[in-house]
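Got your viewer open and a hand on the selection tool? Let's walk through this one stop at a time.

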Amino acid sequence: MTPLMLAGLVGASLVGLGLYGLILHPHPLRKLLAFNLIGNGVFLVFGIVARRGAAAGFRFDPVPQAMIITGIVVAFAASALAVAIILRLSAESGRVTLDPEAWTKPNGGDAT
Amino acid sequence: MIAELGTTTPDGYLLVLAILLPLVGIILSFILGGRSPERVALYSTPFGFALACAIAFHVGQAGKPIVYTIGGLPPPLGIALRADGISAVMLIAAAVIVTAAAFYARAKFATPHGVRESRSSLTFWIMLQAIWAALTIIFVGGDLFNLYVALELLTFAAVPLVCIDGRPETLAAALRYLLFALFGSISYLLGVALFYGAYGTMDIWLLAQRVQATPVVWTAAALMTVGLLAKTALFPLHLWLPPAHANAPAAASAVLSGLVVKGSFFLTLRLWFYVLPALPTDKIAAVLGWLGSAAIIAGSIIALRQARLKLLIAYSTVAQIGYLFLVFPLATGTQSWGAIGWSAGLMQLLAHAFAKAAMFFSAGLLAEALGHDQIAKLGGAARVLPLTFLTIALGGLSLMGLPPSGGFSAKWLMLQASIASGQWLWTLPILAGSLLAAGYVYRILAPALSDGQISLESAPKRSYEAIALALAMIAIALGFAPQTFFDFLEIGRPWRLGNHD
Amino acid sequence: MSLRPFLDVILAGLVLGVAIFTITARDLFAAVVGYVAYGLLLAFVWIRLYAPDVALTEAAVGSGVTGVLLITAGKRLGALKNPAPEAQPPLTLKLLIGVLAVLVAGALGAAILLLPDPPPSLAPEAAAAADSAGAGLGNPITAVLMSYRSFDTMLEKLVLILAVVGVWSVGADKAWGSAPAELRQPKATAPMVFLAQMLAPVGVLIGIHIFWTGANAPGGAFQGGALLAAMWMVIMMAQLAKLPRIDAQWLRVALVSGPAVFLIFGLAGEVTAGSFFAYPHSLAKPIILFIEAFMVLSITAALPMLVAGPPSERPDR
Amino acid sequence: MITLLDLFSIAAIGVGTFFFVAGTVGLLRFPDSLTRLHALTKADNLGLGMVALGLIPRADSALSALKLIVIWVLVMLSGASTSQLIGRALRRGRK
């Protein structure tokens, strides 16, 4: 098994694992962790593509690697925004749920 | 190759200017703060509109796409921007709706007196410009990774608008929207990675020449499509849309429903018609058509059962998005009916954008005037708010597909295309959707037109009603679009360029 | 040499094991801690893929700054008593989704194995063009980020700005303008102050070094900026410096300086080099480094602001 | 040819590895957090120090040798501080 195949296995598994967690976990922070796992899996696929493209004296193709760095930054920004909303939600209502029905029934909270 | 799409055309700089205008606006708004964001946004809209018109003019005059390679570095290494017929039309539509939203939102998102800067005002004006910038890139982008960054820009701009009033239910709606959108972008990005791994480029035009029907390409296309569908809220991935669009302030809802979901749909079009014209796509087109049909039926039926006006309009968006996806079975292939299906899809895209923005604007005015938006308590409202209900009626006309309106043209052309292509089965959801739309529009108008005593909390300003009415009139006017308009939409369609022979 | 495959397999196993733990852990906080550990392990995978730039980014942002963000959030949410215990999804649904996940992973794995041979690569073009357009940048990734894909890089910095505005926007109306609260500790502890005093000067030096060396070796604006951001966070946590008010003019200017300078040079390129976002040949390297310096500033300001959360009225205690 | 320096490297890295293994075993086997912390710091400080020391003769320049030492010092610094912080948190938790 070559390192590349191994990395491909890890990448694909991370995407699968993350997908499972993203759909099934009810807690938004757990969903966020799962999303980050998918993200890492995707970046690994980019990394494999970059490594395969080794040519012209480079050990990697710089184009996909540059894109991974852009991707990591964007994923972090997304996590920060999500965390801010989650924390605000818990502070406003004392609970964290994504179920829209939960807000409409028990006179779901006029804030302030 | 008829047109060379890898080199800059003389008028290509217009594309960069159209993108940079809102970007500069964001930066200025952020640094200056205070009351400036509002002014920056309002003053830049006419320029943006002018740029969009200039682009359309040049595209029409050249009869082929205009191109700009950024930094003078052509693909595969560099990023190209290209505007064809549909880009130009969408740019104008976006400029009009963003301008309308900006003027409509002036009162609600003005910085209050006695405050140097307010939270909702700064957020709204920056995010509005960001949505505009992201959409502009999406409409003219020629590089799949660049388009990914634009998609993320769109997400980061749209989500805070949903929860701008800070109530828990809007925060939950925004969070759900964010998670769906993030899933969508990451799935899209995975597809892009595979495309690069297979063909060493992300340029749409170069890919179109290289792509072959291999398992890798199918996997990449499937991943990108699922991601884009999640962002477009196509049934059954629509769950995030109604709470998000219904809870946002009206000015934001109009932009979200009228434009933002169209951004990811536009990329779905780009993917299947521009990147993958070489693939045998009949089966995929059928699947997308079926999902679209399910969306029409399910969205309309749920819309019928809503108690709140804004939720009804939001579910109507779910249904109308369904129509858009009928373009896939109706416009694939090179036969003449393909062109009819293509025109129909684009007409639906435009008509819905204007009609839905007008309806959300009206719903917002109505909620402010009455203090609620419960449909059951609208008795007699049409007499006190005639202009607002005229707008809702005109918008509804287009949603139902009654002549004369853009919605009618779209649905009529879809029927023509499905019969001409022998796919008569698609006529069923088209007609059923129209009937159901008639049902939910009737549900709004019937109580409003009935007798009843209703008191206004405050009368809406005439100018705001006029903005909504103007958009509804555009949706109607689209029904009178001449043949040259449809010819314009054909500019730059891949098979006309000769890639597909 | 022959040991390497074993080490690779162990590394892959560890990464997957910790990843499975973060998904399956019962406790929210445990899952968060697992994720941070997993991020560090992942950095090693990047080293093995000959991606030191990515490894640096992953270690600094993917596990470092994200770790602070998530652990703070996990601590606050873990302390929160959820009145209704989270309903476990039914077993059939779990199975169904499990099968779906396996199918997706399988299809993806197959697609990766089926990528064409010989693989397409832009490395030769990038190398050839690095001399002309990127003029003397020894690190091809910096050349790609700052030259060929400069438009992406500029947009990505704007995404960061939008995220900052988005994070601020979920605060309370009344608190608008004041400083965020998240990084404030109730009381600065002696070890924290000691750490900040000892680490920060060295860290700042290393951050600048990583940025500067990024022109020719692994590193660059983002990695250097992330390290500087971490140092600023440590200083603020030790209460050696206050969190800035979000309406502070210098903060706003620092945040947008990267994309703004980028835009100015991008526009100037039309005049000086004949195309937007092109650089005049002889000046390419200094211009790129100049723009990058402001991007470092932007990143140094943006990352702590993203972690610190919305402005808050809570007074300093 | 194995030179004296190579032998030194092997010995130092071997000792370092031993401390890492011992620290890890301690982390897994010790009964409570404070003792585990104790085991961990041994691995961090001594283990890493020996490994760094062993690698110095193999560094290709004086600068990279210096970098190795800086890494060791930085890890010690952050290790010591975090141990202190964790210890404090534990003590507060017990009260």
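Start with chain C. Reading from the N terminus, its elements go α-α-α-α-α-α-α-α-α-α-α. That comes to 11 helices and zero strands. Before you click further, bear in mind that everything here is a predicted model. The predictor gives the whole complex an ipTM of 0.91 and a pTM of 0.92.

**Stop 1: chain C as a whole**

Select chain C alone and turn it around. Along the principal axes, its C-alpha atoms fill a box of roughly 65 × 55 × 35 Å. The chain has 317 residues, and buried ones make up 53% of them. Now consider its contacts with a separation of 6 or more: residues 24 or more positions apart account for 74% of those.

Next, colour chain C by pLDDT. The average is 84, and 91% of the residues score at least 70. Which elements of chain C have the lowest and the highest mean pLDDT? Helix α5 (residues 123–132) of chain C is the lowest, at 68, while helix α7 (residues 150–169) of chain C is the highest, at 92. A word of caution for such colouring: where pLDDT is low, the predicted coordinates should not be read in detail.

**Stop 2: the domains of chain C**

Give three colours to chain C: domain 1 takes residues 1–83, domain 2 takes 88–118 and domain 3 takes 138–317. Measure between the C-alpha centres of domain 1 and domain 3 of chain C and you should get 24 Å. Domain 1 of chain C puts 11 residues into the contact between these two, and domain 3 of chain C puts in 14. On the domain 1 side, seven of the residues are nonpolar, three are polar and one is charged.

**Stop 3: a helix in chain C**

Select residues 28–48 of chain C, which form helix α2. Its 21 residues reach 31 Å from first C-alpha to last, close to the 30 Å expected at 1.5 Å a residue. Show the side chains and look for the buried ones in α2(C), among them C:Leu28, C:Ala31, C:Val32, C:Tyr35, C:Tyr38, C:Leu42 and C:Trp46. For reading a list like that, it helps to know that an α-helix has 3.6 residues a turn, so residues three or four places apart point the same way. Just after α2(C), click on C:Tyr50: its phi is positive, about 55 degrees.

**Stop 4: where chains A and C meet**

Bring chain A back. Four pairs of chains are in contact, and chains A and C share the most contacts of these. Chain A contributes 66 residues and chain C contributes 79. On chain A's side, highlight α1 (3–24), α2 (28–52) and α3 (62–93), the elements that give two or more residues each. Which of them gives the most? That is α3(A), with 22 residues. Colour chain A's side by class and you will find 45 nonpolar, 14 polar and seven charged residues.

**Stop 5: chain D**

Now show chain D next to chain C. Eight residues of chain C and seven residues of chain D make up their contact. The chain C side has seven nonpolar residues, one polar residue and no charged ones.

Chain D does not touch chain A, and their nearest C-alpha atoms are 21 Å apart. Chain D has no contact with chain B either, with closest C-alpha atoms 33 Å apart.

While you are in chain D, pick helix α2 (residues 33–55). Its 23 residues should span 33 Å at 1.5 Å a residue, and the end C-alpha atoms are 32 Å apart, which agrees. Buried residues in α2(D) include D:Ala43, D:Asp44, D:Leu48, D:Met50 and D:Val51.

**Stop 6: chain B**

Finish in chain B with strand β1 (residues 66–69). B:Ile66 and B:Tyr68 point one way, B:Val67 and B:Thr69 point the other way, and all are buried. Add strand β2 (residues 80–83) of chain B: the two strands run antiparallel and are joined by four bridges. To see one pairing, click B:Val67, whose bridge partner in β2(B) is B:Arg82.

The last selection is helix α11 (residues 282–304) of chain B. At 1.5 Å a residue its 23 residues should span 33 Å, and its end C-alpha atoms are indeed 33 Å apart. Among the buried residues in α11(B) are B:Ala285, B:Leu288, B:Gly292, B:Ile296 and B:Ala303. What covers them? Show α12 (309–324), α13 (327–331) and α18 (427–449) of chain B, which are included in that cover.

How values were computed. Residues numbered from 1 in each chain as written. Chains lettered and ligands numbered in written order. Predicted model: local features only at pLDDT ≥ 70, side-chain atom pairs only at ≥ 80, totals over all residues. Nonpolar A, V, L, I, M, F, W, Y, C, P; charged D, E, K, R; others polar. Expected span 1.5 Å × (residues − 1). Buried ≥ 20, exposed ≤ 12 C-beta atoms within 10 Å, placed from the backbone. Pairing = 2+ DSSP bridges. Domains from an automatic or database assignment. pLDDT = per-residue confidence, 0-100.
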